[in-house]
Amino acid sequence: EKQILLIFLKLVNEPDRSEDYYSMIRDYKKQYPTTQYSEFIENYIPGPRIKAAWNTSFGATWLVPTGNLGDNFSSGAGFSFGMDFNIGKVYGSLTMTGGSLFLKKPFVAYNEYDMLSFQKDDDFYYLDAGMEFGYFVVRSERFHFAPFAWLSMSNLQSNKYDEEDSKKEID
């Protein structure tokens with residue numbers, strides 16, 4: 001009873017709620033998960049602050065292919081979208097990047113039914129989307145250490161040939 005009274009008095013005397021207040025609330029809830037005052041605490045005493053953030057980004061980007069892609073495609077403009085969040089020490093991110101890449105040199109490809117001829121400067125659509133999740137082991141003003149897992153997929157395709165049309169037999 002005394003501890004809940006001290007928390008209530010701290011709230012009345014310091015309406016801006018300090019870290020000391022949040023610490024008192026967390027300690028009380030750990031020590032007394034269920035009491036006769038639980039309803040009073042839930043309805044009238046502000047709970048501990050949850051450190052959370054959410055961020056979105058949207059804009060232009062420049063796609064620069066490397067390796068074999070760089071040998072066959074020139075760089076091009078694209079779009080980028082990202083959404084990041086963190087709750088306490090857990091964070092996540094959803095990202096998507098897309099745009100056009102232009103062919104540097106012609107080539108011929110074959111599918112089951114047809115020969116596909118691609119010319120220099122043909123337009124290919126590029127899309128990369130992914131998710132990242134991690135945990136801040138160390139998070140200070142000057143240093144972050146956060147192991148993470150990343151899952152993504154990339155797709156490069158031409159709009160010159162429709163996949164459904166390419167499955168039809170040529171008469």
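Here is a short chat about a predicted model of a single chain.

Visitor: To start, how many helices and strands does the chain have?
Guide: This is a predicted model, so we're talking about what the prediction shows. Going along the chain, you'll find both kinds of element: 5 helices and 10 strands.

Visitor: Is the chain spread out or a compact globule?
Guide: The globule rule gives 16 Å for 171 residues, while the radius of gyration here is 28 Å. The C-alpha atoms also fill a box of roughly 90 × 40 × 25 Å along the principal axes. Because 28 Å is well over 16 Å, the chain counts as more spread out than a compact globule.

Visitor: What share of the residues is buried?
Guide: A residue is buried when its relative accessible area is under 20%. The chain exposes about 12500 Å², with carbon and sulfur atoms supplying 56% of that. Out of the 171 residues, the buried share is 22%.

Visitor: How far apart are the mean positions of the positive and negative charges?
Guide: The chain has 17 positive and 24 negative charges. Take the mean position of each set, and the separation comes to 12 Å.

Visitor: Let's get to the strands. Which strand does S3 form a hairpin with?
Guide: S3 covers residues 76–87, and 10 bridges join it to an antiparallel partner, S4. One of the pairs across is Ser 80 with Thr 97. The hairpin has 2 residues between its strands, and Gly 88 in the turn has a positive phi of about 65°. The hairpin partner of S3 is S4.

Visitor: How many bridges are there between S4 and S7?
Guide: S4 spans residues 90–103, and S7 spans 123–135. They pair in the antiparallel sense, and Val 90 stands opposite Tyr 135 in S7. The count of bridges between S4 and S7 is 13.

Visitor: Which residue in S4 stands opposite Phe 73?
Guide: Strand S2 takes in residues 73–74, and 2 bridges join it to S4 in an antiparallel arrangement. Opposite Phe 73 stands Leu 103.

Visitor: Is Thr 97 buried or exposed?
Guide: Thr 97 sits in strand S4. It touches, among others, Thr 61, Leu 63, Phe 79 and Tyr 126, leaving out residues up to four places away in sequence. Its relative accessibility is 19%, and the cut-off for buried is under 20%. So Thr 97 counts as buried.

Visitor: What is the bridge partner of Phe 107 in S6?
Guide: Strand S5, residues 107–110, pairs with S6 in the antiparallel sense over 4 bridges. S5 and S6 form a hairpin with 4 residues between them. Across in S6, the partner of Phe 107 is Phe 118.

Visitor: Now for the loop between S6 and S7. Is Lys 120 buried or exposed?
Guide: Lys 120 is found in that loop, and its contacts beyond four places in sequence are Leu 103, Lys 104 and Pro 106. Its C-alpha atom is 4.9 Å from that of Pro 106, although the two are 14 residues apart along the chain. With a relative accessible area of 52%, and exposed meaning over 50%, Lys 120 is exposed.

Visitor: Which residues does Gln 119 touch, not counting those up to four places away in sequence?
Guide: Gln 119 lies in the loop between S6 and S7. At 40% relative accessibility, Gln 119 counts as partly exposed. The residues Gln 119 touches are Leu 103, Pro 106 and Lys 160.

Visitor: What is the relative accessibility of Asp 122?
Guide: Asp 122 is in the loop between strand S6 and strand S7. Setting aside residues up to four places away in sequence, it touches Leu 101, Phe 102, Leu 103, Ser 117 and Lys 160. Asp 122 counts as buried, because its relative accessibility is 16%.

Visitor: One last thing: what is the phi of Asp 121?
Guide: Asp 121 is found in the loop between S6 and S7. Most residues other than glycine have a negative phi. Asp 121 has a positive value, and its phi is near 75°.

How values were computed. Residues are numbered from 1 along each chain as its sequence is written. This is a predicted model: local features need pLDDT of at least 70, side-chain atom pairs count only at pLDDT 80 or more; totals for chains, interfaces and linings use all residues. Side-chain values use heavy atoms; hydrogens and water are left out. Buried means under 20% relative accessible area, exposed over 50%, partly exposed in between (1.4 Å probe, protein chains only). Contact means heavy atoms within 4.5 Å. The radius of gyration is taken over C-alpha atoms; the globule rule is 2.2 Å times the number of residues to the power 0.38. Accessible areas come from the Shrake-Rupley method with a 1.4 Å probe; for residues, only the protein chains shown count as cover. Lys and Arg count as positive and Asp and Glu as negative; His and the chain ends are not counted. The place of a charge is taken as NZ of Lys, CZ of Arg, CG of Asp or CD of Glu. Two strands pair if DSSP finds at least two bridges between them.
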